[in-house]
Amino acid sequence: MSLSLRMSGVVFSGTWESEGHKVSFLILEDNTVQITESMMRDKKNWSNTKRIEIDEAIKRQDKLINMGYTRGN
């Protein structure tokens, strides 16, 4: 993982993945972030999309990175 993806206090648009769990971040024009989570397990799929404030998105993305999620497409 590049050093820039470890910056604290910054949220990046993109998808982070771990063991079939994907979390996508999309920064919107009003400085909110759309987060879409999806999971594939045992031939079952689910997904959830919500919009949150950018400060909360930064915390959530930092937590995923610290838990070992890797950046996907």
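1. Reading from the N terminus, the elements of this protein go β-β-β-β-α-β. That makes one helix and five strands in total. Keep in mind as you go through the rest that this is a predicted model.

2. On the sheet: the five strands make an open sheet, with antiparallel pairing and the order 4-3-2-1-5. Strand 4 (44-53) and strand 5 (70-71) sit at the edges, each pairing on one side only. As for the helix, helix 1 (residues 54-66) packs on this sheet and touches strand 1, strand 2, strand 3 (32-41) and strand 4. The direction of helix 1 makes about 135° with that of strand 4.

3. Now the pairing of strands 1 and 2. Strand 1 (residues 14-18) runs antiparallel to strand 2, and five bridges join the two. If you want a residue pair to look at, take Gly14, whose bridge partner in strand 2 is Phe25.

4. Phe25 comes up again when you look at the rings. How many aromatic pairs are there by the rule used here? The count is one. The pair is made by Trp16 and Phe25, in an edge-to-face arrangement, with 5.9 Å centre to centre and 90° between the planes. Are these two residues buried or exposed? Both Trp16 and Phe25 are buried.

5. His21 deserves a look too. This residue is found in strand 2, which spans residues 21-27. Is His21 buried or exposed? His21 has a relative accessible area of 13%, and the cut-off for buried is under 20%, so His21 counts as buried. What does His21 contact, once its neighbours within four places in sequence are set aside? The list is Trp16, Glu37, Ser38, Met39 and Tyr69. Note Trp16 in that list; Trp16 is also the partner of Phe25 in the aromatic pair.

6. Some whole-protein numbers to finish. Of the 73 residues in the protein, 32% are buried. The accessible surface comes to about 5200 Å², and carbon and sulfur atoms account for 49% of that surface. For contacts between residues at least 6 apart in sequence, 38% join residues at least 24 apart.

Technical notes. Residues numbered from 1 in each chain as written. Predicted model: local features only at pLDDT ≥ 70, side-chain atom pairs only at ≥ 80, totals over all residues. Heavy atoms only, no water. Helix = DSSP H or I, 4+ residues; strand = E, 2+ residues; numbered from the N terminus. Buried < 20%, exposed > 50% of the residue type's maximum accessible area, 1.4 Å probe, protein only. Contact = heavy atoms within 4.5 Å. Phe/Tyr/Trp six-rings, centres within 6.5 Å; stacked < 30°, edge-to-face > 60°. Pairing = 2+ DSSP bridges. Axes fitted to C-alpha atoms, helices over the stretch in contact; angles between N-to-C directions. Areas by Shrake-Rupley, 256 points an atom, 1.4 Å probe, with all protein chains shown as cover.
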